[in-house]
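Work through these exercises with the structure open beside you. Try each task before you read its solution.

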Amino acid sequence: MILIRETDVVESIASALQFISYYHPEDFIQALTRAWKNEESPAAKDAMAQILMNSRMCAIGHRPLCQDTGIVTVFVNVGMGVRFDTNKSLDDLINQGVRQAYTHPDNILRASVLSDPAGLRINTRDNTPAVIHVRLVPGDTVEFYVVAKGGGSENKSKMAMLNPSDNIADWVVNAVPSMGAGWCPPGILGIGIGGTAEKAALLAKESLLEPVDIHELIRRGPENRVEELRLEIYQRVNSLGIGAQGLGGMTTVLDVKIQDYPTHAASLPVVMVPSCAATRHTHFVLDGSGPAVLTPPALSSYPDIPQVSNAQARQVDLDTLDKAQMSDWQPGDTLLLSGKLLTARDAAHKRMVDMLNRGETLPVDLRDRFIYYVGPVDPVADEVVGPAGPTTSTRMDKFTRPLLEQTGVLGMVGKAERGQEAIAAIRDNRATYLLAVGGAAYLVAQSIKKAKVVAFPELGMEAVYEFEVQDMPVTVAVDSLGNAVHEQGPAEWRQKLVLKADAA
């Protein structure tokens, strides 16, 4: 009987989570590189270039790919010939590893997990507990699949109890546009079909652990109905023209993975879970010989990306900016922001709007300022701030009008599209919404030269910071007239892809 030591489990989980915080899987790098090389949309190509540059920087610097370092999910296959040398539960060992990983002083990972989710929502401060799935299987090893899944992509998961006669591909193609760009495309779609509602969700999540191989499948052709469905969905979703970051382009998904399971004659449960541009997972096996040893991707896997010229970008001084200067910005324009930039996320927005409703004075003056939707990673060594990429902006939509109208905010910086409610508020107040690239958090952080907490320090990563930025690259996503790049870009590229297909 194989004996698995307590320390082997804890150390392996901790090492795996540190590893995936700064290393993309090599097959993902290769797939994104292929998409970047083939992309014809300048905006989408630039977004993918930033993600690839960010990935290489993180691999070298051992810092997180994304400021949202995820909620941990672990799949464990325990061989029935194994015995654990511990009095603790397997859950306790895994959570001890999570705790060590997320508080590692050389690479602190942002703690995003909250207890009492329907009530006080209190941060557990160490990202525990993990979501753990265990199977007993034949054999004398223990197999682990470790995943760190960000909220932006997880929140875009879709589920339907279809009728048996319904078309699954049609459902997926109709559902993907409703996901918006908050899941940071291009990424991978994991689809679970069959079983029961919870089984389909588990299948979808597990499918994302499979190798990226859609181009190998295209070359050899499908051999069964699931492979036919993968190809159909892959081609139809990319023909939507959503593109990287929702800016419009040729590649929205890098692969489509499907797992299925027998189901009831009256049922067709289907779940779709997207994986974002910060895809993070790894696999290891414990056999009693010690903790896992993980092999990083080779730096030669990364493409040589030419330096992007900022000659066409507008320099913007945030400290002297006013609405008159913003009035001629157009959707798709590239700006380089310098000056002081405030931050705020969900909790800070709710607190500020609640204070305004009670007639209270806010702890920070928002007039003529821009707010960046971000919850940064804590800094290490001589860093000013850790990775600080944008969070999904639609979560702040319901707060946008009261802040614009009652505080004099000039605009916001965030990730993905805005809803019609927020776009109307931006238009009515001649404000602007700017886009930073999701999945390029470490790259964005290089533009931040100073950082200090100016309000609500008890909120942790959701506190309000004041950043001093220099040449922070952003794109105009909604201009002061309410014109939105996330509406214009995909519509333009959808038409171009139709014409391209007709010409072929």
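**Exercise 1. A threonine in a loop**

Where does T391 lie? Place this residue, then describe its surroundings.

*Solution.* The model is a predicted one. Start with the position. T391 is found in the loop between β15 (370-372) and α12 (397-407).

Next, check burial. The cut-off for buried is under 20% relative accessible area. T391 has 7% relative accessibility, so T391 counts as buried.

Now list the neighbours. Leaving out residues up to four places away in sequence, T391 touches Q67, R345, Y373, V374, M396, G414 and K415. One of these, R345, also makes a polar contact with T391, side chain to side chain, at 3.2 Å.

**Exercise 2. A glutamine in a helix**

Which helix holds Q50, and which residues does Q50 touch?

*Solution.* Q50 sits in helix α3 (residues 42-61). Its relative accessibility is 10%, so Q50 is buried. Set aside residues up to four places away in sequence. Q50 then touches V437, A440 and L443.

**Exercise 3. Helix α6 from start to end**

Which residues of helix α6 are buried, and what covers them? Look at both ends of the helix too.

*Solution.* Begin at the start of α6. There a side-chain oxygen of N167 comes within 2.9 Å of the backbone nitrogen of A169.

Move along the helix, which spans residues 168-178. Its buried residues are I168, A169, W171, V172, V173, A175 and V176.

Then look at the cover. It includes β8 (158-162), β9 (187-194), α9 and β11 (268-275).

Finish just past the helix. G180 follows α6, and its phi is positive, near 65°.

**Exercise 4. Three salt bridges**

How many salt bridges does the model contain? Find the partners of R230, E223 and R236, and judge how exposed each pair is.

*Solution.* The count is 34 salt bridges. Side chains of opposite charge can pair when their charged atoms come close.

Step one: R230. Its side chain meets that of D213 in a salt bridge, 2.7 Å from N to O. The pair links distant parts of the chain, 17 residues apart. R230 belongs to helix α9 (residues 225-238), while D213 is in the loop between α7 (197-207) and α8 (214-220). R230 is buried, because its relative accessible area is 7%. D213 has 26%, so D213 is partly exposed.

Follow this pair outward. A network of salt bridges links D213, R230, D255 and K257.

Step two: E223. Its side chain forms a salt bridge with that of R220, at 3.4 Å from N to O. E223 is exposed, at 64% relative accessibility. R220 is partly exposed, at 46%.

Step three: R236. The side chain of E232 is its salt-bridge partner, at 3.1 Å from N to O. Why are the two about one helical turn apart? Because they are four residues apart in helix α9. An α-helix has 3.6 residues a turn, so residues three or four places apart point the same way. Both ends of this bridge are partly exposed: R236 has a relative accessible area of 29%, and E232 has 25% relative accessibility.

**Exercise 5. Aromatic rings**

How many aromatic pairs are in the whole structure? Describe the pair of Y22 and Y23, then find two lysines whose charged ends sit over rings.

*Solution.* A search finds four aromatic pairs. The ring centres of Y22 and Y23 are 4.9 Å apart, with 80° between the planes. Over 60 degrees counts as edge-to-face, so this pair is edge-to-face. Y22 and Y23 are both buried. Ring pairs join F19, Y22 and Y23 in a cluster.

Turn to the lysines. K45 has its charged end over the ring of W36, 5.0 Å from the ring centre. K199 has its charged end over the ring of Y261, at 4.6 Å from the centre.

**Exercise 6. A span named in a record**

Which feature does UniProt place at residues 11-284? Describe the span in the model.

*Solution.* The unreviewed UniProt entry gives "domain: Fe-S hydro-lyase tartrate dehydratase alpha-type catalytic" for these residues. In the model, the end C-alpha atoms of residues 11-284 are 12 Å apart. The span is 38% helix and 24% strand.

Methods
Residues are numbered from 1 along each chain as its sequence is written. This is a predicted model: local features need pLDDT of at least 70, side-chain atom pairs count only at pLDDT 80 or more; totals for chains, interfaces and linings use all residues. Side-chain values use heavy atoms; hydrogens and water are left out. A salt bridge is a side-chain nitrogen of Lys or Arg within 4 Å of a carboxyl oxygen of Asp or Glu. Buried means under 20% relative accessible area, exposed over 50%, partly exposed in between (1.4 Å probe, protein chains only). Rings of Phe, Tyr and Trp (its six-membered ring) pair if their centres lie within 6.5 Å; planes under 30 degrees apart count as stacked, over 60 as edge-to-face and the rest as tilted. A charge sits over a ring if NZ of Lys or CZ of Arg is within 6 Å of the ring centre and within 35 degrees of the ring normal. UniProt positions are given in the numbering used here, feature names are shortened, and annotations may be inferred rather than shown by experiment. A polar contact is a pair of N or O atoms within 3.5 Å; within protein, one must be able to donate a hydrogen and the other to accept it, and residues adjacent in sequence count only if both atoms are side-chain atoms. Contact means heavy atoms within 4.5 Å.
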